[in-house]
Amino acid sequence: MSTPNQLFINGEFTDAKSGETFATINPATEEKITDVASAGVDDVDAAVKAARAQLEPGSDWQKMKPRDRGKVMWRIADMLSARAEEIGRIETIDNGKPIFESQFVDTPAAAECLYYFAGWSGKVTGETLPVADNAFTYTLREPVGVVGAITPWNFPLMLAVWKIAPALACGNTVVIKPASNTSLSLLKFAEYAKECGLPAGVLNVIPGRGSVVGNAMVDHPGIDAIAFTGSTEVGRQLMARAAKTLKKVSLELGGKSPNIVFADADLDAAARGALNAIFYGKGEVCAAGSRLLVEEGAHDELMAKVTERAAKMTAGDPLHPKTRLGAIVSKDQMDTVLSYIEAGKSEGAKLVAGGQRADIGTGKGYFVQPTIFDDVDPDMKISREEIFGPVLATIRFKDAEDAIAKGNATVYGLAAAVWTRDVSKAHRIARAIKAGTVWVNTYNLYDPALPFGGFKESGFGRDQGKDALEKYTQTKSVWVNL
Ligand code: NAP
């Protein structure tokens, strides 16, 4: 597999100044894929210099008309679409997710995001505002400058593009740090971007340890805004740290999303939806429907359907086209998931599916069985904390009021779903649930036009949609005396 493993700074692949590297592991085989250059503080500085140079008057990026920037983004999207198999394989080998997801879902979604925001290039405008007879007053929507993006390992390419695309559409430049577990797809993306004519320095990719590179980015006076996706814990630290330089910060954080099924729902659809909600992406999905809330009257029937389907789901070789459940991203993450399963057992939840590490017949790989707990008490650890793995906690509720109370009984507020045939009830619940996204009779659907982000401790700021432009622009008011 030919894939870059060096830092991408100022349009060139280069070793870290220190020469340091770290190994990246295929979680399905436990074998090393390659050693990746590990950026240090000096490399962050070099990346920021390159990114700042493209904000100077007369630079290639500044000389391009906004619509021409959009054309470059469009070309990158075309290339992603054409090479989805190549970059999808890289993602699968690095992350452990099924090739079905990386080639046919994540990469196309990244391409769509680029197409969508390419269309915004040249359409991010200010307003004229009539304030007085003797004045001409208007606003300019200007880029924030250098955007420092820090992204997680669960959708390494797609979530990076969710930041890169709107940032470029608004005329910014980007320094981005992918998660150490999964740096390879973004380095490949950088190679494509160069081939498509993105000027050197506009996009810089600097893998490395969060505590080193992430902190250096947050501290760097040459970075104007930090766009972070990751855990609530790291988001909190980063926001406190950013106070020193008063950087504009946006945080897309964790979740513990309720998937609420009423007795009047189509229970076959709800059962399929419940499994998709928690087992898609191995449950390593920020918006995963990790709490299944079931109305008493539908409980037994729904659980029979859910467990029957779950029993048929087996983990498999992520590179096999039929595999739908891949490997957990790392041994550490697998151990975390298994420790939550043990906590569920010891706290007295009823295990009705899975519950152990899985073996796909190779004796290798970080696989976990799709696991379902029933009769979970809302106070149990598996009901309160984000597990970020294929583990479902099922909780019963009595009526709509109880569903809303239980659904909102979390510090998080990223997503939720409601399954019912009663249209009024669906809309009432959608209003009452404190979450950035609410699905009705479906789960895990996304579109670049729809804003995505959190309420409460799931963060603030929106990726995707028109709202994302807010993060990457600042408004200037101009008052002309007439
Ligand atoms: P994480 O541990 O918070 O890491 C996220 C990124 O931050 C990685 O690039 C990481 O680098 C870096 N980082 C770690 N420590 C840092 C520090 N002290 N300063 C600056 N950066 C630091 O999260 P993760 O385990 O990769 O991802 C899982 C989490 O992301 C879950 O909580 C999930 O819910 C959340 N998530 C949220 C969304 C959303 O849109 N709301 C989407 C996806 C995921 P290293 O890799 O080197 O540690």
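Tutor: Before we start, one term: contact means heavy atoms within 4.5 Å. And keep in mind that this is a predicted model.

Student: Okay, let me try that term out. With its neighbours within four places in sequence left aside, which residues is Gly-208 in contact with?

Tutor: Seven names come up here: Phe-22, Ser-38, Ala-39, Lys-177, Pro-178, Ser-180 and Val-213. Gly-208 itself sits in the loop between β8 (203–205) and α8. There is also a long-range pair to look at: Gly-208 and Glu-20 are 188 residues apart along the chain, yet 9.4 Å separates their C-alpha atoms.

Student: Is Gly-208 buried or exposed?

Tutor: Here you need the cut-off: buried means under 20% relative accessible area, and exposed means over 50%. Gly-208 comes out at 0%, so it counts as buried.

Student: Zooming out, what share of the residues in the chain is buried?

Tutor: Of the 482 residues, 57% are buried. As for contacts, take those between residues at least 6 apart in sequence: 73% of them join residues at least 24 apart.

Student: How do I read the radius of gyration of the chain?

Tutor: Set it against what a compact globule with that number of residues would have. For 482 residues that is near 23 Å, and the chain has 23 Å, so the two agree. If you prefer a box, the C-alpha atoms fill one of roughly 70 × 60 × 40 Å along the principal axes. The secondary structure inside comes to 16 helices and 23 strands.

Student: On to pockets. What volume does the largest pocket have, and how many residues line it?

Tutor: Its volume is about 1100 Å³, and 42 residues line it. Nearest the centre of the largest pocket are Trp-153, Phe-228, Gly-230, Ser-231 and Val-234. The elements giving two or more residues to that lining are α8 (210–219), β9 (225–229), α9 (232–242), α12 (331–346) and α13 (381–384). Of these, α9 gives the most, with six residues.

Student: What is the chemical make-up of the lining of the largest pocket?

Tutor: You get 17 nonpolar, 18 polar and seven charged residues.

Student: And where does the largest pocket lie with respect to the domains?

Tutor: To place a pocket, check which domains supply its lining. Domain 1 (7–253 + 458–481) and domain 2 (258–447) both do here, so the largest pocket lies between them.

Student: What about the second largest pocket: how much space lies in it?

Tutor: About 380 Å³. Its lining has 23 residues, with Val-105, Ala-109, Met-158, Asn-444 and Tyr-446 nearest the centre. By class, the split is 16 nonpolar, four polar and three charged. Both α5 (99–120) and α6 (156–169) supply at least two residues of this lining, and α5 gives the most, with six. Domain 1 and domain 2 each provide at least three residues to the lining of the second largest pocket.

Student: Last one, backbone angles. What is phi of Glu-30, and where does Glu-30 lie?

Tutor: Look for positive phi in a residue other than glycine. Glu-30 has that, with phi near 65°, and lies in the loop between β3 (21–26) and β4 (31–37). Its relative accessibility is 29%, so Glu-30 counts as partly exposed. Leu-246 is another non-glycine residue with positive phi, about 50°, in the loop between α9 and β10 (248–252). With a relative accessible area of 74%, Leu-246 is exposed.

Methods: Residues are numbered from 1 along each chain as its sequence is written. This is a predicted model: local features need pLDDT of at least 70, side-chain atom pairs count only at pLDDT 80 or more; totals for chains, interfaces and linings use all residues. Side-chain values use heavy atoms; hydrogens and water are left out. On a 1 Å grid over the protein atoms alone, a cavity is a set of points where a 1.4 Å probe fits but cannot get out, and a pocket is an open set with protein on both sides within 12 Å along at least five of seven lines; lining residues have an atom within 4 Å of a point. Grid points are joined across faces, edges and corners, and a volume is the space filled by probe spheres set on the points. Helices (H or I, at least four residues) and strands (E, at least two) are DSSP runs, numbered from the N terminus. Ala, Val, Leu, Ile, Met, Phe, Trp, Tyr, Cys and Pro count as nonpolar, Asp, Glu, Lys and Arg as charged, and the others, Gly among them, as polar. Domain bounds come from an automatic or database domain assignment. The radius of gyration is taken over C-alpha atoms; the globule rule is 2.2 Å times the number of residues to the power 0.38. Buried means under 20% relative accessible area, exposed over 50%, partly exposed in between (1.4 Å probe, protein chains only).
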